[in-house]
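I opened my notebook to write down what I looked up in this fold. My plan is to go from single residues out to the whole chain.

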Amino acid sequence: MIDSTPEWQRLTARATSVPSLREAFSDDHERAGRFTWDVDGLIVDASKNLIDDDLVEDLIALADAAGLDEARAAMFRGDHINVTEDRAVLHTALRRRRSDRLVVDGQDVVADVHDVLDHMADFAERVRSGAWVGHTGARIRRVVNIGIGGSDLGPFMAYRALMAFRHPEIDVHFVSNVDGTHLHQALVGADPAETLFIVASKTFTTLETLANARSARAWLVEALGSDEAVARHFVALSTNAEGVAAFGIDTENMFGFWDWVGGRYSMDSAIGLSLMIAVGPDRFAEMLDGFRSMDQHFESAPIAENVPAMLGLIGVWYRNMLGYPTHAVLPYSQLLDRFPAYLQQLDMESNGKQVRLDGSTVGHDTGPIVWGEPGTNGQHAFYQLIHQGTTPVPVDFIAFAHPDFETPDHHDALIANCFAQAEALAFGKSAEAVRAEGVPESLVSHKTFPGNRPSTMLFAERLTPFVLGQLIALYEHKVFVQGVIWGINSFDQWGVELGKVLAKAIITELEDGAADAAHDASTSAMIERYRTMRSR
């Protein structure tokens, strides 16, 4: 157990003497350069974190004690590291080069991946060019992606992030919530003859996704007057050919993926079809290149120079030794407004675990609560807490030198705010400095900023498909590193199952009868209130 090792205990002892950023920068003029790394143009400045050289050595020793090097190698070679489901974890295979070969369980998975990518590219180009037409012969101008969780968050986030690269005549909408309002919003103003639905469900049984898909099918058939229209207006991202065919989708237009791809790691698989239609196969390939860039760095760089590894280890330091329960991701780019939400699933579904790989209870905290909003909006909402609140919040700032949509004077103001916030968090403002400004003594404590609030700056020239791929892969591997340190399985998600099972039973009770006596009194009362309000 990692928390009983000398390496863990040594780090725990260090928590009583947290490095002072003000002193660290004053005493060490090489600090910024030493703790800044460049991965193919993605600059990662970790110098404003609460670390020093000795602490970094101890963090690397912790990684060695946890077997990080071997765990990393096992993932890349396709060992079944998802032990609770007896599966390999091979999202990195989704972005390997066509010329690569990786045989797992007797199958060359790279060849399989590129077969699907080729199928996706052919279909995407037909939709983009207008060669694919709907039931009436009209070209497709609206694509509606129906999925949930990893089948929605990834492609939706990337579609918004890559707005500058979208096809000018095709709009893509995303529907995930079983609340019928979400589907309604996606279909406002839609012409059924020009609408294509992409149903994303590996099993083709996901409750929310199938409910939305069936309602979309009914809308289409009513408008176009024939069940035959379904085959020209629906495609599926699934492995359930029987279910897909029964729905009315031509299985030639079914795009598959594999058990070794978890939903939250799947946006660069067939799940990204809506994104590929939007930005085109070439831009999608550039994004895969960005993923691969970070994969290669993570696989080969020594831990001391390995960006995902170092950020993961620093996160363990904050979560377990310093007791910081949350982590904020603050992109200074409106195009990344859904990136924090995407990372919530990636991190919290992966590492929100309370048992180790062997099923025993962990004796320490695991994944942090991940949250955030774009700057500068957040500055007028929650920055008060991260500057002067009682619990420090580690922050990732993300910014770019060039915006995709240039508006005179705006970008300098945006980036100035980003850099200023990182500086203010790190160094604060002392009571002496406040007094020197002539502030009345009664207000000095109110205007004092403690500083020593940690942050990392991720900075690139522009938000391109390549850079987006780098960013996603960086966080994927950071999450993996932390899971290895904590000794948990980052690749299952049993915690989402119980509520689904109970919901299936309650749906029947809401529609057809009184609450089952097995429910608690509160749940039974709410079921009866609902039935009464619905006049059932």
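Before I start, I need one cut-off: a residue is called buried under 20% relative accessible area, exposed over 50%, and partly exposed in between. I also have to remember that this is a predicted model.

**Entry 1: odd backbone spots**

I began with D86. Is D86 buried or exposed? Its relative accessibility is 53%, which is over 50%, so D86 counts as exposed. I found D86 in the loop between α5 and β3 (103-104). Its phi is positive, about 55 degrees, although D86 is not a glycine.

D409 is another non-glycine with a positive phi, here about 75 degrees. I traced D409 to the loop between β12 and α17. With 68% relative accessibility, D409 counts as exposed.

G78 also has a positive phi, about 95 degrees, and sits just after α5.

Then I looked up a peptide bond. Which two residues does the cis peptide bond with an omega of about 10 degrees join? They are G375 and T376. T376 belongs to the loop between β11 and α16 (383-388).

**Entry 2: helix α5**

Since G78 comes just after α5, I checked that helix next. It covers residues 68-77, and its buried residues include L68, A71, R72, A74, M75 and F76. I reminded myself of a textbook point: an α-helix has 3.6 residues a turn, so residues three or four places apart point the same way.

What do the buried residues of α5 pack against? I noted four helices: α4 (53-66), α13 (281-300), α14 (307-321) and α20.

**Entry 3: strand β5 and its sheet**

Next I went to β5, residues 142-146, where 5 of 5 residues are buried. I followed the side chains: R142, V144 and I146 point one way, V143 and N145 point the other way, and all of them are buried.

Which strands does β5 pair with? On one hand there is β6 (residues 171-175), parallel to β5 and joined to it by 5 bridges. In this pairing V143 stands opposite V172. To get from β5 to β6, the chain passes through helix α7 (residues 153-161), and this β-α-β crossover is right-handed.

On the other hand there is β7 (residues 195-200), also parallel to β5 and joined by 5 bridges. Here N145 stands opposite I198, and I146 has V199 as its bridge partner.

I then zoomed out to the sheet. It is an open one with 5 strands in the order β6-β5-β7-β8-β9, and the pairing is parallel. Its edge strands are β6 and β9 (254-255), each pairing on one side only. Helix α8 (residues 180-187) lies across β5, β6 and β7, and runs at about 175 degrees to β6.

**Entry 4: the sheet with β12**

How many strands does the open sheet with mixed pairing have? I wrote down 6, in the order β1-β2-β13-β12-β10-β11. The edges are β1 (36-39) and β11 (369-371), which each pair on one side only. Ignoring direction, neighbouring strands here are turned by 15 degrees against each other on average.

Inside this sheet I looked at β10 (residues 326-331) and β12 (residues 395-402), which run parallel and are joined by 4 bridges. A328 stands opposite V395 of β12.

Helix α20 (residues 465-486) packs on the sheet and touches β1, β2 (42-45), β10, β12 and β13. Its direction makes about 165 degrees with that of β12. I had already met α20 as one of the helices that the buried residues of α5 pack against. Helix α17 (residues 410-427) lies across β12 and β13 (455-462), at about 150 degrees to β12.

**Entry 5: the whole chain**

Last, I took the overall numbers. The protein chain has 22 helices and 13 strands. Its radius of gyration is 25 Å, close to the 24 Å that the globule rule gives for 536 residues, so the chain is as compact as a globular protein of that length. The C-alpha trace spans about 75 × 60 × 55 Å along its principal axes.

Of the 536 residues, 53% count as buried. The accessible surface is about 22,800 Å², with 51% of it belonging to carbon and sulfur atoms. Among contacts with a separation of 6 or more, 73% are between residues 24 or more positions apart.

Key. Residues are numbered from 1 along each chain as its sequence is written. This is a predicted model: local features need pLDDT of at least 70, side-chain atom pairs count only at pLDDT 80 or more; totals for chains, interfaces and linings use all residues. Side-chain values use heavy atoms; hydrogens and water are left out. Buried means under 20% relative accessible area, exposed over 50%, partly exposed in between (1.4 Å probe, protein chains only). Helices (H or I, at least four residues) and strands (E, at least two) are DSSP runs, numbered from the N terminus. Two strands pair if DSSP finds at least two bridges between them. A crossover is right-handed if, with the strands pointing away from the viewer, the path from the first strand over the helix to the second runs clockwise. Axes are lines fitted to C-alpha atoms, for helices over the stretch in contact, and angles run from 0 to 180 degrees between N-to-C directions. Contact means heavy atoms within 4.5 Å. The radius of gyration is taken over C-alpha atoms; the globule rule is 2.2 Å times the number of residues to the power 0.38. Accessible areas come from the Shrake-Rupley method with a 1.4 Å probe; for residues, only the protein chains shown count as cover.
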